[in-house]
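Welcome! Below are some short exercises, each with a solution to follow at your own pace. Have the view ready and take the steps one by one.

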Amino acid sequence: MSAAPAALRRGGSLVAAPAVLLALLAACLGWAWPAELGGWRALSIVCAWAGTALLAGSLLLMVRAARLAALFGGLDAQYRWHHRSGTVAYVLLLAHPLTLAADAWAESPVRAWQVLAPWAQHWTVWLGWLALLLLMAGLAATFSLHLPYRRWRALHYLAGAGVVTGLIHVWALLGEAGPLWLLLPLAALALGWRLLGSDLGLAARPYRVRSVVPHAAGLIEAVLEPCGPRMAVTPGQFVFAAFGDGAHFHGCGEFHPFTVSGIGADGALAVGIKALGPCSRHVQALEPGVTVRLEGPFGGFLAERAAGPQLWLAGGVGITPFMAALRAGPLTQPTTLLYFHRSAQDAAYLDELRQLAAADPLLTLVSEAADGPPPMLAARLAEVPGLAGRSAQLCGPAPLIQAARDALLRHGMPAAAIHFELFDFR
Amino acid sequence: MRRLFLSATVLFWLAVSGAWLGARLQPPLAPPAAPAEARYTLDEIARHDRAEDCWMAIDGVVYELTAYLPEHPSSLRVIAEWCGREASEAYHTKTRGRPHSPYADSLLPAWRIGVVS
Ligand SMILES: Cc1cc2nc3c(=O)[nH]c(=O)nc-3n(C[C@H](O)[C@H](O)[C@H](O)COP(=O)(O)OP(=O)(O)OC[C@H]3O[C@@H](n4cnc5c(N)ncnc54)[C@H](O)[C@@H]3O)c2cc1C
Ligand code: HEM
């Protein structure tokens, strides 16, 4: 969620994702442009190809790989374009059969209905319908925020099946490969990477749990040491971690994103894990010696810190990126850290933070217990000296970030100076 | 994005229902009066072998497809190749072994001009 310059500094670009999408659009429409047709028919073919190109692009932007994400200016920016291109493709593909029917409607409504009714048609068109219904079901699940994460993800894969079915529909109708020479391998690579590389973890690096320390109610910190080549991580970045088995511990084996809370000189990485659901609750029983697979690093939160004074705001486990930055060495800019937590038992790292603040004259620590967005948020912010001239880094639950952003804008902080990280991609 | 998804989906199903209703409500077409049909030999048909002047014989019926060609889904080349010829085989196998759909069948009569003698 960091702003453009941070992405550029990391060698990526926020325009890379739209540029790739536009290139795919241009390739498909350039090849299939229905110059000899007019009216609704031509519009239908343009919608079909534009939708197909964007669907394939959306599939590419779903791939979770550190290099690719850096190229696209961060995993969150990449996923934003994945959402946008997928939804716009879906709308274009809804228009595709309708405009085809509109073309036939001029002749007669019966003819228009024949175009749409799959039973009046051939299997190639059934595939079109199947693809559209799969996309519809997949996207409906995607936009249901209240589904449990595992069911949400399983249903989201329906959209992936829809893309593949749609591409087969195009191939069957076309009778030749055409732009599918580009789109089919792209889709196969993207899905293959996702299923084998990411979900099965073939692209992950082996680490081992060195130590586990409970830090608060339902929050442990684990230090992970590399078993092979180490990752180059900077404070603010996160990794995907899948915990395996140990003597008494059986991990759930799934990859979950965790922000690095400490970076050792020997390549060891610390992660603070709060029990927020089934898998992270299970991980609270973690023990030394367990194998861990890590993917990453991802993200560029805290990468762009303007030279001037800083305002850091953390809610709950959102303290982890700031821990990594503070543990990396003394600050170079005056920094006020506002740390909100539910109660005293939930205040992870508070003792360590107090010691850090006592040792570093540039760090001012303000911690406060509050359930939900703190009622005193506006007042606490108003107390920060020179607030409007600072640059802000926010990390925590979405309602807190939203409330803090609004308050900062009201205090006259420019939107470009506000950076944030949310612990959810949906 | 969520709002876009929801409104597009609702509009889509409204339009599909509209097409269904439109088809239900339309009175059935009166069957066209059958005029005495012209008869053509395969030699005559073979003279109309260009995209700008395209006849085809399919299952013993002669079609004048010049005006239809630009509307055909696949590229003009694929279908124009069959102008002036007996194209039943190509029509039924669509070059790759797939027959045309009932929809395609329903399009053909509009272009009928006679039968093969
Ligand atoms: C960029 C980022 C950084 C994070 N950093 C930390 C951290 O430092 N410490 C910490 O305790 N938590 C962190 N989280 C949150 C953590 O990933 C989730 O709490 C954890 O995945 C929950 O999984 P679960 O099975 O226990 O619970 P579930 O009930 O399955 O999930 C709870 C919520 O976590 C999210 N989530 C679950 N699995 C994934 C996944 N594989 N990918 C993306 N989101 C998922 C979902 O939105 C879900 O609603 C971070 C999340 C993100 C996106
Ligand atoms: C209700 C669902 C669908 C129906 C009824 C349908 C029907 C059709 C028909 C009849 C054609 C041939 C039209 C013509 O060339 O004039 C066609 C072409 C096409 N369809 Fe679909 N389709 C559907 C869904 C999809 C989906 C989901 C995709 C996305 C991948 C798609 C992509 C295409 C493309 C790219 C073409 C053009 C092929 C070409 O250039 O000849 N369609 N569709």
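**Exercise 1. Find A:Pro297 and describe the peptide bond that leads to it.**

Solution. Start with the strand: A:Pro297 lies in β6 of chain A, residues 291-298. Strands here are DSSP runs of E with at least two residues, helices are runs of H or I with at least four, and both are numbered from the N terminus. Next, look at the bond from A:Gly296 to A:Pro297, which is cis, with omega near 0°.

Before going on, note that this is a predicted model, where local features need pLDDT of at least 70, side-chain atom pairs count only at pLDDT 80 or more, and totals for chains, interfaces and linings use all residues. Residues are numbered from 1 along each chain as its sequence is written, chains are lettered from A and ligands numbered from 1 in the order in which they are written, and side-chain values use heavy atoms, with hydrogens and water left out.

**Exercise 2. Work out where A:Leu302 and A:Tyr349 sit, and whether each is buried or exposed.**

Solution. First, A:Leu302 is in the loop between β6 and β7 (310-315) of chain A. Its phi is near 70°, a positive value in a residue other than glycine. With 3% relative accessibility, A:Leu302 counts as buried (buried is under 20% relative accessible area, exposed over 50%, partly exposed in between, with a 1.4 Å probe and protein chains only).
Then turn to A:Tyr349, in the loop between β8 (335-341) and α12 (350-359) of chain A. A:Tyr349 also has a positive phi, about 70°, without being a glycine. Its relative accessible area is 3%, so A:Tyr349 is buried.

**Exercise 3. Compare the length of helix α8 of chain A with the expected span.**

Solution. α8(A) runs over residues 149-174, which makes 26 residues. The expected span is 1.5 Å times one less than the number of residues, and for α8(A) that gives 38 Å. The end C-alpha atoms are 38 Å apart, so the two agree. Now look at the surroundings: the buried residues of α8(A) include A:Trp152, A:Leu167 and A:His169. Among the elements covering them are α3 (39-60) and α9 (180-199) of chain A. Finally, α8(A) is followed by A:Gly175, with a positive phi near 75°.

**Exercise 4. How many of the residues of α3(A) are buried?**

Solution. α3(A) has 22 residues and reaches 32 Å from its first C-alpha to its last, close to the 32 Å expected. Of these 22 residues, 18 are buried, so α3(A) is largely enclosed by the rest of the structure.

**Exercise 5. Describe how α5(A) and α6(A) pack.**

Solution. Their axes are 7 Å apart and meet at an angle of about 155° (axes are lines fitted to C-alpha atoms, for helices over the stretch in contact, and angles run from 0 to 180 degrees between N-to-C directions). That makes α5(A) roughly antiparallel to α6(A) (under 35 degrees is roughly parallel, over 145 roughly antiparallel, 65 to 115 roughly perpendicular, the rest oblique). Residues that meet include A:Pro97 and A:Trp105 in α5(A), and A:Arg111 and A:Leu116 in α6(A), where contact means heavy atoms within 4.5 Å.

**Exercise 6. At what angle do α6(A) and α1(B) pack?**

Solution. Helix α6 of chain A (residues 109-116) and helix α1 of chain B (residues 2-25) pack at about 135°, with axes 8 Å apart. That makes α6(A) oblique to α1(B). Among the residues making the contact are A:Trp113 of α6(A) and B:Trp20 of α1(B).
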